[in-house]
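Thank you all for coming; today I would like to walk through one protein model, beginning with a single residue and then stepping back to the whole chain. Please have a look at the sequence and the structure first.

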Amino acid sequence: MIGDRPISAIGLGGAGWSLGDRVDVAQSVATIHAALDAGIRLIDTARAYTTVTDESHNEDLIALALHDHPLRDEVLVATKGGHYRAGRESFPFDGRPATLRQHCEASLSHLGVDRIGLYQLHHPDPAVPIEESVLALRELQDEGKIAMIGVSNVSLTLLRRAQSVADIVSVQNQFSLFHHEDPGLLAACAEAGIAYLAYSPLGGGRVGELVASEPIRTIAAAHGATPIQVALAWLRSAGHPVIPIVGTRRAEAIVEASGASALELDQQELAQLGHGSATLSP
């Protein structure tokens with residue numbers, strides 16, 4: 001669940017469809033459709049996920065994939081603002097209320113919707129108090145342009161400050177076997193019923209290390225699963241509710257990842273992998 005919205009245990013992340021040098025719209029649309037067929041009902045995107053030349057390539061691509069799709073109304077599309085692309089390597093933060101309003105309005109247009117299911121502050125702006133940024137999102141929520149509010153790349157302190165001005169339903173931070181998040185933040189999310197969206201759940205480019213890990217391979221073989229599924233199942237056991245956001249360009253990869261939804265690891269296996277860094281170095 002995110003807020004009062006039921007979703008899948010695994011989410012699909014769209015950054016890779018637009019940020020790299022190789023952009024393949026047909027392949028990306030096929031990946032989205034394969035994810036929906038596999039039961040995934042959460043797609044994560046952002047204003048910043050775009051090409052050098054397009055204003056909002058990722059959101060346009062998702063709108064294309066969902067247009068007239070029979071499962072469109074079952075999908076929660078989560079996007080983010082306050083962080084944008086300003087050239088090949090430049091991704092500034094701008095958490096000013098006027099900018100967030102502009103980004104939200106643009107996302108509404110590019111996604112082709114009247115209201116965004118989940119809108120997230122992509123990154124706190126060091127020049128703007130997080131309360132000001134989140135209050136702007138609450139005003140957009142009051143106007144009916146946002147259904148739910150989330151925050152990304154935050155500490156527990158920043159989450160508490162955001163909660164002081166709005167109902168926060170999700171936190172999206174990096175979390176994987178290589179990158180272990182502050183357990184206090186996980187506990188706070190679990191206590192408040194805040195969904196924890198884990199980005200880079202496979203280590204952000206370190207998939208090869210996951211696949212080569214002997215403990216992970218042994219556990220995978222015991223379950224008839226893959227190392228990728230074991231790594232995602234470990235995340236899902238880290239605290240309730242943790243939802244891995246899996247970014248991929250390949251349909252078969254998101255279908256594989258979706259198989260982690262049904263995989264349950266026992267306490268011995270979790271101890272073998274460690275909720276510290278016993279297995280893999282962060």
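**From one valine to the whole chain**

Let us begin with Val207, which has its place in helix α7, the helix formed by residues 207–212. Please keep in mind throughout that this is a predicted model.

Is Val207 buried, exposed or something in between? Its relative accessibility is 33%, and because partly exposed covers the range between under 20% for buried and over 50% for exposed, Val207 counts as partly exposed. If we leave aside the neighbours within four places in sequence, Val207 is in contact with Leu202 and Ile228. The C-alpha atoms of Val207 and Pro227 are separated by 9.3 Å, although these two residues are 20 residues apart along the chain.

Now to the protein as a whole, whose secondary structure comes to 11 helices and eight strands. Its radius of gyration is 18 Å, close to the 19 Å that the globule rule gives for 282 residues, so the protein is as compact as a globular protein of that length. Of those 282 residues, 51% are buried, and among the contacts with a separation of 6 or more, 75% are between residues 24 or more positions apart.

Finally, how confident is the predictor? The mean pLDDT is 94, and 96% of the residues reach 70 or more, but over residues 276–282 the pLDDT is below 50, even though this stretch has 18 contacts in the model beyond near neighbours in sequence.

Note on methods
Residues are numbered from 1 along each chain as its sequence is written. This is a predicted model: local features need pLDDT of at least 70, side-chain atom pairs count only at pLDDT 80 or more; totals for chains, interfaces and linings use all residues. Side-chain values use heavy atoms; hydrogens and water are left out. Helices (H or I, at least four residues) and strands (E, at least two) are DSSP runs, numbered from the N terminus. The radius of gyration is taken over C-alpha atoms; the globule rule is 2.2 Å times the number of residues to the power 0.38. Buried means under 20% relative accessible area, exposed over 50%, partly exposed in between (1.4 Å probe, protein chains only). Contact means heavy atoms within 4.5 Å. pLDDT is the predictor's confidence in each residue, from 0 to 100.
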